[in-house]
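Please open the model in your viewer and keep the sequence panel beside it. At each stop below you will find something to select and a description of what is there.

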Amino acid sequence: MTDTNMPPSLWVDTAPSATPRPALEGHHRTEVLVIGGGFTGLAAALALAERGITTMLVDACAIGWGASGRNGGQVIPGLKYDPDELIARYGQELGERMVDASGRNADVVFDLIKRHDIHCDATRHGWIQPAATETALRVTQSRGQQWADRGVAVEWLDRDECSRRLGSDAYLGGWLDPRAGGLNPLAYARGLASAAESAGAKLYEHSAVESIRHKDDKWQVMVHSGGCVETDQVLICTNGYTGGLYKGLDKSLIAANSFQIATRPLSEAEGAGILPGGEMASDTRKLLLYFRRDSSGRFLMGGRGPFHDPRGGQDFRHLERAIHKLYPALKGVDIEYRWGGRVALTRDALPHVHQPAPGLTVALGYNGRGVGMGTHLGKLIGETLGSDSLQESLPFPITPVRPIPLHGLQRFYVGAVVNYYRVKDWLER
């Protein structure tokens, strides 16, 4: 049965039932208040509670309501930049920390799933990145080699092997990262929430934050439901749904839509040969396509959508066309689900950690890699928040909040970039 507290999606209909949690009312005192019930906030709350720190978490809607409950469920290591580029950009020491931490993202996720017995249809059969052009093929070769040089047992897929693994002859080749996997992201978020509560954290839903202010060496946070929290530390983990929560924060990122569709479960004949090994896939286009099968045999396709939230089936036509181009035999197969969610894009395509005031920490900006990186960064912050070793434990520097220039034009900016990349992808093909 569909959860009326959540936007409709495949994951809502296939995740274990949600545990209802109250809205925050009355006056409370805690050591740490986490704002945002997605992967980062939940992983941080779990780590904090396991340290014996009194922890509360509030979400404006329900746990996993944002992108953490609506994404493609692909757990992919790494960042948007390749290892060598990270080191060239940020130096040997910081670059290697970024490479090491991001390379372990999937390990962190699957370890949490195992340790806390989270039922989320988790599989770990790897991630294929196929290339549609010769230029992109050279990029994937370099990328795979850089990870191979760091001990990852990557596989290079020539055209025939790539076609066999994907069940589509639309690509020239690619590489496979065996560290990656897939899951039901909403079920995973709900499992993290249950684990955090078992460790001692207190979770509240439908408790949108109205104000955050510093007074008498404490933070006072007021929520829409009438509650007030006095806390030593505030951790903001709201990503693409930040809004006007804290001055300038929403203007430091672009909240762009990622849309997805899922077919009905395919018959054995219909699905024969389509990702037979259970891998995830996302290609090298500027406006990339990402696709997979779910535990019921559906085929899922995702990609960038218009800036506005979905208004109807017409907003998903580009994804239906993509399915038909990659898998012509699926033309005519019913699309059972259509949904979308907002991802947070940063100007430098890296996650951001800010501390705009003592006792106030912000973590967001995963640029489409939030399942793994959001979980890992939340865990790292939760393990060291409030200590002198926070910066040393993080793979990213703590930076000031910097608004993106002309942010008020983001709707037009995103549209222009999407159109530019669409033309660029077409020209490269």
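Begin by selecting Ser-282 and Tyr-290, because Ser-282 stands opposite Tyr-290 in β14, where strands (E, at least two residues) and helices (H or I, at least four residues) are DSSP runs numbered from the N terminus. The two strands here, β13 and β14, run antiparallel and are joined by 2 bridges, and two strands are said to pair if DSSP finds at least two bridges between them. What you have open is a predicted model, in which local features need pLDDT of at least 70 and side-chain atom pairs count only at pLDDT 80 or more, while totals for chains, interfaces and linings use all residues. Residues are numbered from 1 along each chain as its sequence is written, and side-chain values use heavy atoms, with hydrogens and water left out.

Stay with Tyr-290 and add Gly-302, which is the bridge partner of Tyr-290 in β15. Strand β15 (residues 299–304) runs antiparallel to β14, with 4 bridges between them. In the hairpin that these strands form, 5 residues lie between the strands, and Gly-297 takes a positive phi near 90°. Now show the side chains of β14: Tyr-290 and Arg-292 point one way, Phe-291 and Arg-293 point the other way, and all are buried, a word that means under 20% relative accessible area, whereas exposed means over 50% and partly exposed is in between (1.4 Å probe, protein chains only).

Next, select the whole sheet, which is open and has 8 strands in the order β5-β6-β4-β13-β14-β15-β12-β16, with mixed pairing. At its edges stand β5 (155–157) and β16 (335–345), each with a single partner strand, so one side of each has no neighbour in the sheet. From one strand to the next the twist averages 20°, where axes are lines fitted to C-alpha atoms, for helices over the stretch in contact, and angles run from 0 to 180 degrees between N-to-C directions.

Add helix α6 (residues 134–148), which packs on the sheet and touches β4, β5 and β6, its direction making about 25° with that of β6; contact here means heavy atoms within 4.5 Å. Helix α7 (residues 159–166) lies across β4, β5, β6, β13 and β14, and runs at about 100° to β5. At the other end of the strand order, look at β12 (residues 254–263) and β16, which run antiparallel and are joined by 10 bridges; one pair to select is Ser-258 and its bridge partner Gly-341 in β16.

Which helices and strands do the buried residues of α8 pack against? They pack against α1, α2, α5, β8 and α11, and because 11 of the 15 residues of α8 are buried, this helix is largely enclosed by the rest of the structure. Among the buried residues are Tyr-188, Arg-190 and Leu-192.

Finish with two loop residues, remembering that most residues other than glycine have a negative phi. Asp-121 has a phi near 55°, a positive value, and is found in the loop between α5 and β4; at 43% relative accessibility, Asp-121 counts as partly exposed. Leu-275, in the loop between α9 and β13, also is not a glycine and has a positive phi of about 45°, but Leu-275 is buried, with a relative accessible area of 4%.
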